[in-house]
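Trainee: I am new to this structure and would like a close look at a single part. Please take me through it step by step.

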Amino acid sequence: RDQDIDRDVTRYLEDIEDHLGTFLEEVSRIIGVCNSLRDEVNSYRDRQQQKVLYVLTLVTTLVIPTHLLTGIYGMNWQDEAGRPVVPGLGIMHEHRGYVEFWGVSITMTI
């Protein structure tokens, strides 16, 4: 302690030092709470992203067989007589082609 400083000023400065210590402890605690909150938000975002990816994977798995069949049907293959034909299914008649397409699509999906 400096002898030239009045006791009231010394007491005042010690009080300020105590308040600053308390303030720094509070700031440290609040930083911990903020870090915890940030971790919770990141965890929530990760869970939401996993749900979205699950749905996208499920939809993709269900749609891919139909895309494959659309590619095969869309090739416009013909036999020697010029009739429309699909490999593995034979001659396609207009009245049964739609039903066969969806039947094969659903069977491949399941």
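In which helix does V9 lie? Please describe that helix closely.

Mentor: V9 lies in helix α1, which covers residues 7-73. Keep in mind that this is a predicted model. Among the elements of the protein chain, α1 has the highest mean pLDDT, 94. The lowest mean, 72, belongs to strand β2, residues 90-91. For the protein chain the average is 87, and 96% of the residues score at least 70.

Start with V9 itself. Its relative accessible area is 38%, so V9 counts as partly exposed, between the 20% and 50% cut-offs. V9 also belongs to a nonpolar patch on the surface, together with I5, Y12, L13, I16 and L20. The accessible area of these residues together is about 530 Å².

Next come the charged side chains. Side chains of opposite charge can pair when their charged atoms come close. The count of salt bridges comes to three. One of them joins R11 to D8, with the closest N and O atoms 3.4 Å apart. R11 and D8 are separated by about one helical turn, because they are three residues apart in helix α1. R11 is exposed, at 53% relative accessibility.

Further along, R29 forms a salt bridge with E26, and here the closest N and O atoms are 2.6 Å apart. R29 and E26 are likewise three residues apart in helix α1, so about one helical turn separates them. R29 is partly exposed, with a relative accessible area of 48%, and E26 is partly exposed too, with 38%.

A salt bridge also links the side chains of R38 and D39, at 3.8 Å from N to O. R38 has a relative accessible area of 46%, which makes it partly exposed. D39, at 45% relative accessibility, is partly exposed as well.

Now move along helix α1 to T66, which also lies in it. T66 has a relative accessible area of 18%; this is under 20%, so T66 is buried. Apart from neighbours within four places in sequence, T66 is in contact with F101 and S105.

F101 leads to the largest nonpolar core, which has five residues: L69, Y73, V86, M92 and F101. Y73 is the last residue in the range of helix α1, residues 7-73. Within this core, M92 touches Y73 and V86. M92 also touches P84, V85, G97 and E100, again leaving out residues up to four places away in sequence.

How values were computed
Residues numbered from 1 in each chain as written. Predicted model: local features only at pLDDT ≥ 70, side-chain atom pairs only at ≥ 80, totals over all residues. Heavy atoms only, no water. Patch = residues over 30% accessible without salt bridge, like charges linked within 9 Å, V, L, I, M, F, W, Y side chains within 5 Å. Areas by Shrake-Rupley, 256 points an atom, 1.4 Å probe, with all protein chains shown as cover. Salt bridge = Lys/Arg side-chain N within 4 Å of Asp/Glu carboxyl O. Helix = DSSP H or I, 4+ residues; strand = E, 2+ residues; numbered from the N terminus. Buried < 20%, exposed > 50% of the residue type's maximum accessible area, 1.4 Å probe, protein only. Core = buried A, V, L, I, M, F, W, Y, C linked by side-chain atoms within 4.5 Å. Contact = heavy atoms within 4.5 Å. pLDDT = per-residue confidence, 0-100.
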